[in-house]
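Okay, thanks for coming, everyone. Let me put the model up and we'll walk through a few spots.

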Amino acid sequence: MTVAAAVAIVATQALASEDIADQYPASELYSKPVEVIPHVFSAIGATAPPTYENAGHNNNLSFIVTDEGVVVINSGASSRLAAALHDEIKKVTDQPVVLVINENGQGHAMLGNGYWRDQGVDILAHVDAVAETTENGDFILQGMERYNKDRAEGTRVEHANLTFEDEYTVTLGGVEIKVLHLGPAHDPGDLQVWIPQWDIMITGDIAFHERMLPIFEHTCTSCWIETWETKLEPIAPTYVIPGHGHPTNFAQVRRYTLDYLKDLREKIGAHIDEGGDLASAYYVDQSRWAHLDTFEELATKNAGRVFEEMEWE
């Protein structure tokens, strides 16, 4: 079987739909890790918001297996989730986990850090992600505790002990793993994990496709577009594991990230030119994207935030 065929099979497995509470009842994980390409695995999270039923596993928890150790991307939303992922890693390899990478400063990327630090594993994050967890870590933890109840037991805020600004390269077992910060995108400290020899990128939240991307108050959509076009597009990896949703290809995440951002900004720009206000901006036509998970939760919020951003451009 070719690698492309394998990715196609993974992408057509049971969807990480917001309508499915849990795909792996035997584990704290929402779904069992799958091998996306040889040596790269990912436990695909729900596309729904975090809930007790999905244990906060609504992002992708990935790991790379080499002959000199395992690199984990995202520690998960709790210590229990981190331990559950570790149990799955041990089923795949006897190699130890030697590094955990937080793809940003959000709870589901870093609240499992305490578990991994207790195992003696280093945690790597972008400097802006650590600034976020330092400023808001207690608030992030409390939010998880509210929905996760007893499943939050043992979780603490533990900041990454290794940081970088532009690029951090790890070579293990002959595999070069480039940890990149391509520029402003979805959230402060967003990073991408790029393996050039395998032509795969674990993109984190710079790229979406099965669920609608969220635009936060601090998100600069024009900056996100510029980062994509000037830094990510020249790489154009063949295989993509996004921050949320199944592994896919670059054309698909371009369609549902870059094209969506451009479409929404075009609609809001026209609305502003016509003298439209914020109240009516919420209802610009986004029907082209209505099939995406979390559309109902996010479409109007996204429109309002882009209006507030573009009003002063």
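So, which residues line the largest cavity? Quick caveat before that: this is a predicted model, where local features need pLDDT of at least 70, side-chain atom pairs count only at pLDDT 80 or more, and totals for chains, interfaces and linings use all residues. Numbering runs from 1 along each chain as its sequence is written, and side-chain values use heavy atoms, with hydrogens and water left out.

Right, the lining: Asn 102, Asn 104, Met 110, Asn 113, Ala 125, Ala 129, Val 130, Thr 133, Glu 158, His 159 and Ala 160. By cavity I mean a set of points on a 1 Å grid over the protein atoms alone where a 1.4 Å probe fits but cannot get out; lining residues have an atom within 4 Å of a point. The volume is about 30 Å³, counted as the space filled by probe spheres set on the points, which are joined across faces, edges and corners. Helix H5 (residues 127–148) gives the largest share of that lining, three residues. Helices here are DSSP runs of H or I, at least four residues, and strands are runs of E, at least two, numbered from the N terminus.

Over to the sheet. Six strands make an open, mixed one, ordered S8-S9-S10-S11-S12-S13; pairing takes at least two DSSP bridges between two strands. S8 (167–172) and S13 (248–249) are the edges with a single partner strand each, so one side of each has no neighbour in the sheet. S12 (residues 239–242) runs antiparallel to S13, with two bridges, and Val 240 has Thr 248 as its bridge partner in S13.

How values were computed: On a 1 Å grid over the protein atoms alone, a cavity is a set of points where a 1.4 Å probe fits but cannot get out, and a pocket is an open set with protein on both sides within 12 Å along at least five of seven lines; lining residues have an atom within 4 Å of a point.
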